[in-house]
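Work through the following exercises with the sequence and the structure open beside you. Try each task before you read its solution.

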Amino acid sequence: MNQAKLQGEYAGFLSRTAAFVTDVLIISLVVIIVNWFVPVMISQFSLMNLDTCATILQRPLQYYTCRIIQISLFAFTISFPVLYTIFFWIIAGQTPGKYLFGLRVVRLNGHRMTIWVSLLRYLGYTLCILSLGLGFLNVLINDRRQGWHDKLARTCVVYAWEARQNVDLLEQVRYRLDRKRLKAPDQISDR
């Protein structure tokens with residue numbers, strides 16, 4: 001079986017989407033667990049209800065402590081996705097989702113990811129999401145498989161594993177598509 005190496009090749013839309021969805025699931029799971037676990041523990045040990053900030057004995061200090069905990073949980077929920085993503089891009093060039101699918105974010109100039117480039121790329125993620133996914137679809141038509149977030153940060157996503165592509169299968173698909181394309185004009189002229 002004839003196989004070509006994929007390592008270093010630009011990553012496709014489906015593998016990038018699968019990695020993105022995996023990261024969203026990981027982030028969501030962590031946020032849900034923290035937002036469930038912290039209130040349960042606080043209500044067990046301090047008799048404080050974080051939903052209403054009510055205690056058995058109404059004391060201003062406990063009320064303000066409750067509000068601070070609520071604000072902290074909200075700040076965690078908002079900041080964790082950003083910190084998770086940027087941390088892994090800087091440290092490894094890949095989030096756990098990208099790692100599972102053998103993908104890595106690389107800068108076009110070959111340098112390591114920095115905090116500024118990562119922030120810029122995350123800002124691009126936000127623009128892609130705000131455009132209802134249109135920025136992500138650019139991966140389908142761009143030669144380097146770059147979405148808006150990649151173009152903004154001057155990055156691309158490549159296969160990091162030494163995966164292999166079945167060239168024979170691809171050649172068979174191309175052959176059949178070409179054969180259908182060649183038959184179509186002949187069939188039209190016969191009419």
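**Exercise 1.** How much area does the chain expose, and what percentage of it do carbon and sulfur atoms supply?

*Solution.* The chain exposes about 12900 Å², and carbon and sulfur atoms supply 66% of this area, where accessible areas come from the Shrake-Rupley method with a 1.4 Å probe and, for residues, only the protein chains shown count as cover. The model is a predicted one, in which local features need pLDDT of at least 70 and side-chain atom pairs count only at pLDDT 80 or more, while totals for chains, interfaces and linings use all residues. Residues are numbered from 1 along each chain as its sequence is written, and side-chain values use heavy atoms, with hydrogens and water left out.

**Exercise 2.** Determine how many helices and strands the chain has, and in what order the elements run.

*Solution.* Begin with the definition: helices (H or I, at least four residues) and strands (E, at least two) are DSSP runs, numbered from the N terminus. By this rule there are seven helices and six strands, and from the N terminus on they follow the order β-α-β-β-α-α-β-α-α-α-β-β-α.

**Exercise 3.** Describe how helix H4 and helix H5 pack.

*Solution.* Two packed helices are described by the angle between their axes and the distance between the axes. For H4 (residues 115-130) and H5 (residues 134-141), the angle is about 100° and the axes lie 6 Å apart, the axes being lines fitted to C-alpha atoms over the stretch in contact, with angles that run from 0 to 180 degrees between N-to-C directions. H4 is therefore roughly perpendicular to H5, a term for angles of 65 to 115 degrees. Next, look at the contact (heavy atoms within 4.5 Å): Tyr125, Cys128 and Ile129 of H4 meet Leu134, Gly135 and Phe136 of H5.

**Exercise 4.** Is Thr85 buried or exposed, and which residues does Thr85 touch?

*Solution.* Locate Thr85 in helix H2, which spans residues 60-92. Because its relative accessible area is 6%, Thr85 is buried, where buried means under 20% relative accessible area, exposed over 50%, and partly exposed in between, with a 1.4 Å probe and protein chains only. Not counting residues up to four places away in sequence, Thr85 touches Ile27, Thr95, Tyr122 and Tyr125.

Definitions and conventions. Angles under 35 degrees count as roughly parallel, over 145 as roughly antiparallel, 65 to 115 as roughly perpendicular and the rest as oblique.
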